Amino acid sequence: MDLKRLRYFCRVVEQGSVSRAAKVLNMAQPPLSKRIQELEDELKAPLFIRKGNRIEPTEAGFFLYRKACEILRQVEDTTRETMAIAQKNNPKLHLGITHLFQSYFRSLLLAFCERNPDIEVSISVTDSSHLEDLLNDGTIDLALIQRPYRDEGYDVVSFDPIKPVAVISKKCLPYIPDTPVNYITLASFPLILLHRAKDSGIYEKLLDLFRKTGVTPEVLMHISQPGMIIDWLESGLAAATLLPSSEVDATCLRHCHVVDIFPSPQLFYPAMVKMPATNWIPEVMEIIAAGYPCNMNTVIPYVKEREVSLTRDK
């Protein structure tokens with residue numbers, strides 16, 4: 001049985017659609033359909049049935065999916081262990097972290113590196129949507145990102161949502177208010193908003209919240225990196241934005257006010273995400289089991305023999 005066909009089959013099961021699976025695999029739909037048909041011909045059994053706009057695995061297909069995930073995990077473990085031996089037991093971890101939560105996940109990465117100096121860490125820092133693509137094509141083992149809008153096809157550990165704060169240029173708001181500001185009042189300022197490189201996300205959700213109150217904000221620009229937005233505001237651009245509080249240090253800002261928002265819209269959902277065929281990284285899960293995030297500004301102390309129990313987050 002061809003491993004590539006098994007990987008393709010798993011993606012179709014996880015995405016619930018050949019067209020969506022083809023998209024995440026970065027291939028055309030006809031050859032993917034052909035590979036699935038070849039697999040069905042080899043096994044002499046139908047693997048999918050159509051239900052509305054989705055396709056779902058048959059009983060045989062679901063059995064194959066569970067076994068295929070086990071096989072692919074074993075293949076990945078074997079590959080990683082063989083490479084570690086070949087590289088003189090110098091294992092590697094390929095991580096992706098979104099611009100959106102660099103500060104939030106800093107203590108997790110610091111704790112990991114402190115406890116595992118023998119593990120070489122390769123980190124890709126980019127937009128959450130791009131990191132989802134890197135997960136799908138196997139370039140990274142684990143992504144620390146905004147929780148996927150559609151989590152089918154992923155294993156997800158979700159953390160508590162992060163409180164949003166408004167960052168407002170002093171040119172727009174000379175004096176910091178004594179009480180939290182209603183987020184709708186932000187629409188009275190020109191806005192710079194976070195935006196994913198592709199697909200829907202925070203930007204669309206925030207605009208929808210504004211529109212439901214009958215407000216149409218003036219959006220000057222949208223940017224994927226919180227740090228770049230802050231740079232623009234600190235450079236003198238008269239505008240405002242809404243960012244996760246974990247990524248904003250008010251003591252470093254000279255030309256902006258950082259203002260609490262009420263009611264606080266829940267927009268920022270940090271998550272750790274992997275593909276079902278990939279194992280969780282035990283060294284990372286041990287840190288989370290110890291209580292991460294317990295203190296954003298300190299490295300979590302090492303706790304031995306802490307048992308980790310994980311279930312797939314839905």
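These legends describe close-up views of a predicted model.

**View 1. The whole protein, 314 residues, with 45% of them buried.**
The protein has 9 helices and 12 strands. Its C-alpha atoms fill a box of roughly 70 × 50 × 30 Å along the principal axes. Take the contacts with a separation of 6 or more: 75% of them join residues 24 or more positions apart. The protein exposes about 16,400 Å². Carbon and sulfur atoms supply 52% of that area. The protein carries 36 positive and 39 negative charges. The mean positions of the two sets are 4 Å apart.

**View 2. Phe 105, a residue in a loop.**
Phe 105 sits between strand E3 (92–98) and helix H5 (106–115). Is Phe 105 buried or exposed? Its relative accessibility is 0%, so Phe 105 counts as buried. Now look at what surrounds the residue. Neighbours within four places in sequence are left aside here. Phe 105 is then in contact with Ile 97, Leu 144, Ile 145, Phe 159, Pro 270, Ala 271 and Tyr 292. For a sense of scale, find Pro 164. Phe 105 and Pro 164 are 59 residues apart in sequence. In space, their C-alpha atoms are 16 Å apart.

**View 3. Cys 10 and Cys 69, two cysteines without a bond between their sulfurs.**
How many disulfides does the structure hold? The count is 0. Why is there no bond between Cys 10 and Cys 69? The two sulfurs are 4.3 Å apart, which is too far for a bond. A disulfide needs the sulfur atoms within 2.5 Å. For Cys 10, the closest cysteine sulfur is in Cys 69. For Cys 69, the closest is in Cys 10. Cys 10 is buried, with a relative accessible area of 1%. Cys 69 is buried too, at 5%.

**View 4. Arg 35 and Glu 38, a salt bridge in helix H3.**
Side chains of opposite charge can pair when their charged atoms come close. The count for this model comes to 9 salt bridges. In the one between Arg 35 and Glu 38, N and O are 2.8 Å apart. Both residues lie in helix H3 (residues 29–43). They are 3 residues apart, so about one helical turn separates them. Arg 35 is partly exposed at 22% relative accessibility. Glu 38 is partly exposed as well, with a relative accessible area of 21%. The pair also belongs to a network of salt bridges that links Arg 5, Arg 35, Glu 38 and Glu 42.

**View 5. Glu 132 and Arg 196, a salt bridge between separate parts of the chain.**
The closest N and O atoms of Glu 132 and Arg 196 are 3.5 Å apart. Glu 132 lies in helix H6 (residues 128–136). Arg 196 lies in the loop between strand E8 (191–194) and helix H7 (202–212). The pair therefore ties together parts that are 64 residues apart in sequence. Glu 132 counts as buried, at 11% relative accessibility. Arg 196 counts as buried at 14%.

**View 6. Asp 208 and Lys 212, a salt bridge in helix H7.**
Here the closest N and O atoms are 3.3 Å apart. Asp 208 and Lys 212 are 4 residues apart, about one turn of the helix. Which description fits each residue, partly exposed or exposed? Asp 208 is partly exposed, with a relative accessible area of 35%. Lys 212 counts as exposed, at 66% relative accessibility.

Definitions and conventions: Residues numbered from 1 in each chain as written. Predicted model: local features only at pLDDT ≥ 70, side-chain atom pairs only at ≥ 80, totals over all residues. Heavy atoms only, no water. Helix = DSSP H or I, 4+ residues; strand = E, 2+ residues; numbered from the N terminus. Buried < 20%, exposed > 50% of the residue type's maximum accessible area, 1.4 Å probe, protein only. Contact = heavy atoms within 4.5 Å. Salt bridge = Lys/Arg side-chain N within 4 Å of Asp/Glu carboxyl O. Areas by Shrake-Rupley, 256 points an atom, 1.4 Å probe, with all protein chains shown as cover. Lys, Arg positive; Asp, Glu negative; His and termini not counted. Charge placed at Lys NZ, Arg CZ, Asp CG, Glu CD.
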